[in-house]
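Q: Please take a close look at one part of this protein, the helix named α5. Set it in the context of the core and the pocket.

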Amino acid sequence: MDAYQQVANKLQELGITFDVVEHPPAFTTEQADRYIEGMEGVRTKSMFLTNKKKTQYYLLIMDDQKSLDMDLFKDLVSANRIRMASADSLYEKMQLPPGTVSPFGLLNNPERDIQVYFDKDIVSEDIMTFHPNTNEKTIFVATQDIFKFLTHLGYDYQILEL
């Protein structure tokens, strides 16, 4: 089963409705945004981060127009040093290539050892957009349904003021 179909099947199993837009591969949020211009939903970026010793992993979801203050995030999660996780770590933890990170990658993390964070600025939005484990599609899902999806998978999530 392909990566997108795995996501679609899980959402359907949970009774979660969604819309999807197919487009050429998009490797940045700017590229993806061009294909979904004018459609309702906050454009997100999902960053897969790790601490210095690679003993803890973080999935941070925020507005794609906002810059991450890495020092603030580090302080909020009580870590010594935070950086982007390597492509190898991303594949090991979520079986995803770079450019496709989203909460849907957590389907491939049976260890449930990734901490999930949302920026406070986006959680009041009705709809969020993500790559559904492929950068050739953008999926539109109700924010509350993303939280339902995470809870179903066994993840807690926190909302941070970044």
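A: What follows starts at the helix and works outward.

The model is predicted: local features need pLDDT of at least 70, side-chain atom pairs count only at pLDDT 80 or more, and totals for chains, interfaces and linings use all residues. Residues are numbered from 1 along each chain as its sequence is written, and side-chain values use heavy atoms, with hydrogens and water left out.

Start with the buried face. The buried residues of α5 are Thr-143, Asp-145, Ile-146, Phe-147, Phe-149, Leu-150 and Leu-153. Buried means under 20% relative accessible area, exposed over 50%, and partly exposed in between (1.4 Å probe, protein chains only). Helices (H or I, at least four residues) and strands (E, at least two) are DSSP runs, numbered from the N terminus. The buried residues of α5 pack against α1, β5, β6, β7 and β8 (157-160). Just after α5, Gly-154 takes a positive phi of about 95 degrees.

Now take Phe-149. Leaving aside its neighbours within four places in sequence, Phe-149 is in contact with Lys-10, Leu-11, Leu-14, Ile-16, Pro-103, Phe-104 and Leu-107. Contact means heavy atoms within 4.5 Å.

Next comes the core. A nonpolar core is a set of buried Ala, Val, Leu, Ile, Met, Phe, Trp, Tyr and Cys residues joined through side-chain atoms within 4.5 Å. The largest one has 35 residues. Leu-11, Met-94, Phe-104, Leu-106, Phe-118 and Phe-149 touch the most other members. At least two residues each come from α1 (3-13), β2 (42-51), β3 (57-63), α4 (87-94), β5 (114-119), β6 (127-130), β7 (137-142) and α5 (143-153). Of these, α5 gives the most, with 5 residues. A second, separate core holds 12 residues, including Leu-49, Tyr-58, Leu-60 and Tyr-117.

Move to the pocket. The largest pocket holds about 500 Å³ of space. Of its 29 lining residues, Thr-29, Lys-45, Ser-46, Gly-99 and Val-101 are the closest to its centre. On a 1 Å grid over the protein atoms alone, a pocket is an open set of points where a 1.4 Å probe fits, with protein on both sides within 12 Å along at least five of seven lines; lining residues have an atom within 4 Å of a point. Grid points are joined across faces, edges and corners, and a volume is the space filled by probe spheres set on the points. The elements that give two or more residues to the lining are α2 (29-35), β2, α4 and β6. The largest share, 6 residues, comes from β2.

Helix α4 also carries Ser-89. Ser-89 counts as buried because its relative accessibility is 5%. Beyond its neighbours within four places in sequence, Ser-89 is in contact with Phe-48, Lys-54 and Tyr-57.

Gln-95 sits in the loop between α4 and β5. Gln-95 has a positive phi of about 50 degrees although it is not a glycine. Most residues other than glycine have a negative phi. With a relative accessible area of 36%, Gln-95 is partly exposed.

Last, the record. UniProt lists residues 23-149 for "domain: YbaK/aminoacyl-tRNA synthetase-associated" in an unreviewed entry. UniProt positions are given in the numbering used here, feature names are shortened, and annotations may be inferred rather than shown by experiment. The end C-alpha atoms of residues 23-149 lie 24 Å apart, and the span is 23% helix and 28% strand.
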